[in-house]
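This report describes charged pairs, one strand and the surroundings of a ligand in a single protein chain. Please look at the sequence and the structure first, then read on.

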Amino acid sequence: MSNILVLNGPNLNLLGTRQPDVYGRETLSIIEANCIKYGETRGALVSCLQSNHEGALIDAIHAAKSDQQGIILNAGAYTHTSIALMDAIASVELPCVEVHLSNIHAREAFRHVSYISKVAIGQICGFGSRGYILAIDALVAHLDMCDDK
Ligand code: DQA
């Protein structure tokens, strides 16, 4: 059984009502419930956390080192700005899958840069809330592969 942290950053608490044409109509609670349920089918215990504060996200990443095997991170706009979040992921040495609901590469130029990508094992973007489910599959497959080594 792997423990996986699904961590969401700023403004993602507003999913459902926030620019639904870009981010969809599902609320974060529904997405989190689906991740927990899907995780069970993949032998993963999923915990979820959202914060609008960079420091709180960093604290959550540090805390994950003691009891999580991997992190799924949608850092919201901090993706494009936060060297501190990038350093936090690098510091804990946990595999991280980066997720975005929208296809950040098809949007404004400032969204094309991701500091998280530099330390993530991979990025999933553009598939809406399904991206979190795809990220669980990717992370579980990665952890299984590491176990086999
Ligand atoms: C986002 C993309 C970011 O550019 C944006 O700032 C967000 C959401 C996404 O999930 O598509 O807050 O991470």
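The side chains of E108 and R111 meet in a salt bridge, with N and O 2.7 Å apart. A salt bridge here is a side-chain nitrogen of Lys or Arg within 4 Å of a carboxyl oxygen of Asp or Glu. The model is predicted, so local features need pLDDT of at least 70 and side-chain atom pairs count only at pLDDT 80 or more, while totals for chains, interfaces and linings use all residues. Residues are numbered from 1 along each chain as its sequence is written, and side-chain values use heavy atoms, with hydrogens and water left out.

**Salt bridges**

How many salt bridges does a search of the whole structure find? The search finds three, and they are listed here with the distance between the closest N and O atoms.

| Pair | N to O distance |
|---|---|
| R42 and D137 | 2.4 Å |
| E108 and R107 | 3.8 Å |
| E108 and R111 | 2.7 Å |

Side chains of opposite charge can pair when their charged atoms come close. Salt bridges with shared partners join R107, E108 and R111 into one network. R111 counts as buried because its relative accessibility is 16%. Buried means under 20% relative accessible area, exposed means over 50%, and partly exposed lies in between (1.4 Å probe, protein chains only). E108, with a relative accessible area of 35%, is therefore partly exposed.

R42 and D137 form a salt bridge as well. This pair links distant parts of the chain: R42 sits in the loop between α2 (28-41) and β2 (44-50), D137 sits in helix α5 (residues 130-148), and the two are 95 residues apart. Helices (H or I, at least four residues) and strands (E, at least two) are DSSP runs, numbered from the N terminus. R42 is partly exposed because its relative accessibility is 30%. D137 is also partly exposed, at 24% relative accessibility.

**Strand β3**

Is strand β3 (residues 70-74) mostly covered or mostly open? It is mostly covered, since five of its five residues are buried. G70, I72 and N74 point one way from β3, I71 and L73 point the other way, and all are buried. In a regular strand the side chains alternate between the two faces of the sheet.

Strand β3 has parallel partners. Five bridges join strand β1 (residues 2-8) to β3, and N8 stands opposite N74 in β3. Three bridges join β3 to strand β4 (residues 96-100), where I72 stands opposite V97. Two strands pair if DSSP finds at least two bridges between them.

Together with helix α4 (residues 83-92), β3 and β4 make a right-handed β-α-β unit. A crossover is right-handed if, with the strands pointing away from the viewer, the path from the first strand over the helix to the second runs clockwise.

**The ligand**

Which residues surround the ligand? They are R18, Y23, N74, G76, A77, H80, H100, L101, S102, I104 and R111, where a residue is near a molecule if one of its heavy atoms lies within 4 Å of it. N74 of strand β3 and R111 of the salt-bridge network are thus met again here.

Three of the side chains have polar atoms that approach ligand oxygen atoms. A polar side-chain atom of R18 lies 3.0 Å from a ligand oxygen. For N74 the distance is 2.8 Å. An N or O atom in the side chain of R111 is 2.8 Å from an oxygen atom of the ligand. Taken alone the ligand exposes 320 Å², and the protein buries 99% of that. Accessible areas come from the Shrake-Rupley method with a 1.4 Å probe, and for residues only the protein chains shown count as cover.

H80, also listed around the ligand, is found in the loop between β3 and α4. H80 counts as buried because its relative accessibility is 13%. A polar atom of the H80 side chain lies 2.9 Å from the backbone oxygen of V113. A polar contact is a pair of N or O atoms within 3.5 Å; within protein, one must be able to donate a hydrogen and the other to accept it, and residues adjacent in sequence count only if both atoms are side-chain atoms.
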